[in-house]
Amino acid sequence: MYYSFPKWIVEKLVDQFGFEFCEDILKSSFKTYYPAIRANILKVPNDGNGKVKTDEFIDTLKSENINIIPNEDIQNCFWVNGKLDINNSESYKNGLYTIQNPSSQLTAITLDPKPNEIIIDVCAAPGGKTTHIAELMKNKGRVLAFDIYQHKIDLINKSANRLGIDIIEAVKHDSSIFKPELVEYADRVLVDAPCSGFGVIHTKPDIKWHRNENDIKELIKIQEKILSVSSKYVKKGGTLVYSTCTILKDENEIQISKFLSENRDYKLISEKRLFTHIDGGSGFYIAKLKRI
């Protein structure tokens, strides 16, 4: 009652993380959220190795009365200190940056795409991670981006055009349905799975009231299906990244543990568990797997 959370969520968090850690999570849901942006290395001066020239970029946005502070932990990520009106920002319209949660930016960085590779992003909309992947590839190679809704495919294409990206092929597709023509086709596959969203309650507080326990059970089934199908698209020796913007172990560690027990041709390379009260961004889970 004190933190205004449904009882079932609190019970689940206490069970998974303990009382004190659960209370820290609840407190963090009231934290003031400051937006973050990702500088577009395709358009912003950089050192040639993908690192933006920070001072020049800061000065460019300052000329539009946008004040930014570098995120010291994530390359080319900046916190916005004050107001950000993209409707009146020529830099935004010209594709110099994208608004993206810092934790979300770590997903494409973990995937570590390279120029001239083939990447599949199976749950791509609205395109933040997809365009980040293409930028890290220096706009060389091929990125297949799937989403189930056409209007979201349109959003991906709109973002790609603004950012000067032409290697993304956005396709309307339900990623729980197997595409045999893509078996062992991709160097890397990203599964940014549909989830409960309990890692971003500090930005979308209504989530805690719109979700129920049955939703979680259904989401777990969908995640499991998409992960299983998408894993078949990875080449031997390739990379599979599974990510969510939730903190529930049912959708994260337990999901990956089950997948690995059923797919002996994969091994876990790394896991990142991000919490707002510890890491400063949103709650995220990112698992990097390798096909062997």
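**Two sheets and the helices around them**

In this predicted model, seven strands make up an open sheet, with mixed pairing and the strand order 7-6-5-8-9-11-10. The edge positions go to strand 7 (168-172) and strand 10 (266-274); each has a single partner strand, so one side of each has no neighbour in the sheet. Going from one strand to the next, the twist averages 15°.

Within this seven-stranded sheet, strand 5 (residues 117-121) and strand 6 (residues 141-147) run parallel and are joined by five bridges. One pairing to look for on screen is that of Ile 120, whose bridge partner in strand 6 is Leu 144. Helix 7 (residues 150-163) packs on the sheet here, where it touches strand 6 and strand 7. The direction of helix 7 makes about 170° with that of strand 7. Helix 9 (residues 213-231) packs on the sheet as well, touching strand 8 (186-192), strand 9 (234-244), strand 10 and strand 11 (284-291). Its direction and that of strand 9 make an angle of about 160°.

Helix 9 also meets another helix. Its axis comes within 11 Å of the axis of helix 10 (residues 253-262), and the two cross at roughly 40°. That angle makes helix 9 oblique to helix 10, and the crossing is right-handed. On the helix 9 side, the contact is made by Ile 220, Gln 223, Glu 224, Leu 227, Ser 228 and Ser 231. Helix 10 brings in Gln 255, Ile 256, Lys 258, Phe 259 and Glu 262. Sorted by class, the contact of helix 9 with helix 10 has four nonpolar, four polar and three charged residues.

A second helix pair can be described in the same terms, the angle between the axes and the distance between the axes. The axes of helix 5 (residues 102-111) and helix 6 (residues 128-136) come within 9 Å and cross at roughly 40°. Helix 5 and helix 6 are therefore oblique to each other, and their crossing is right-handed. Helix 5 makes the contact through Ser 104, Gln 105, Thr 107, Ala 108, Ile 109 and Leu 111, while helix 6 uses Lys 129, His 132, Ile 133 and Leu 136. Sorting the residues of this contact of helix 5 with helix 6 gives five nonpolar, four polar and one charged.

Then there is the four-stranded sheet. It is open, its order is 2-3-1-4, and its pairing is antiparallel. Strand 2 (68-70) and strand 4 sit at the edges with a single partner strand each, so one side of each is left without a neighbour in the sheet. From one strand to the next, the twist averages 35°. Helix 3 (residues 54-62) lies across strand 1, strand 2, strand 3 and strand 4, and runs at about 165° to strand 2.

Strand 1 (residues 36-39) is covered on both faces. Ala 36 and Arg 38 on one side are buried, as are Ile 37 and Ala 39 on the other. Strand 1 is joined by three bridges to strand 3 (residues 77-80), and the two run antiparallel; here Ala 36 stands opposite Trp 79 of strand 3. Strand 1 also pairs with strand 4 (residues 97-99) in the antiparallel sense, again over three bridges. In that pairing, Arg 38 has Thr 98 of strand 4 as its bridge partner.

Back towards the seven-stranded sheet, one loop residue is worth a look. Ser 196 lies in the loop between strand 8 and helix 8 (207-210). Its relative accessibility is 1%, so Ser 196 counts as buried, the cut-off being under 20%. Setting aside its neighbours within four places in sequence, Ser 196 is in contact with Ile 207, Arg 211, Ile 216, Leu 219, Thr 246, Leu 248 and Glu 251. As for Asp 206, Ser 196 is 10 residues from it in sequence and 12 Å from it in space, C-alpha to C-alpha.

Key:
Residues are numbered from 1 along each chain as its sequence is written. This is a predicted model: local features need pLDDT of at least 70, side-chain atom pairs count only at pLDDT 80 or more; totals for chains, interfaces and linings use all residues. Side-chain values use heavy atoms; hydrogens and water are left out. Two strands pair if DSSP finds at least two bridges between them. Axes are lines fitted to C-alpha atoms, for helices over the stretch in contact, and angles run from 0 to 180 degrees between N-to-C directions. Contact means heavy atoms within 4.5 Å. Buried means under 20% relative accessible area, exposed over 50%, partly exposed in between (1.4 Å probe, protein chains only). Angles under 35 degrees count as roughly parallel, over 145 as roughly antiparallel, 65 to 115 as roughly perpendicular and the rest as oblique. A crossing is left-handed if the near helix is turned anticlockwise from the far one by less than a right angle, and right-handed if clockwise. Ala, Val, Leu, Ile, Met, Phe, Trp, Tyr, Cys and Pro count as nonpolar, Asp, Glu, Lys and Arg as charged, and the others, Gly among them, as polar.
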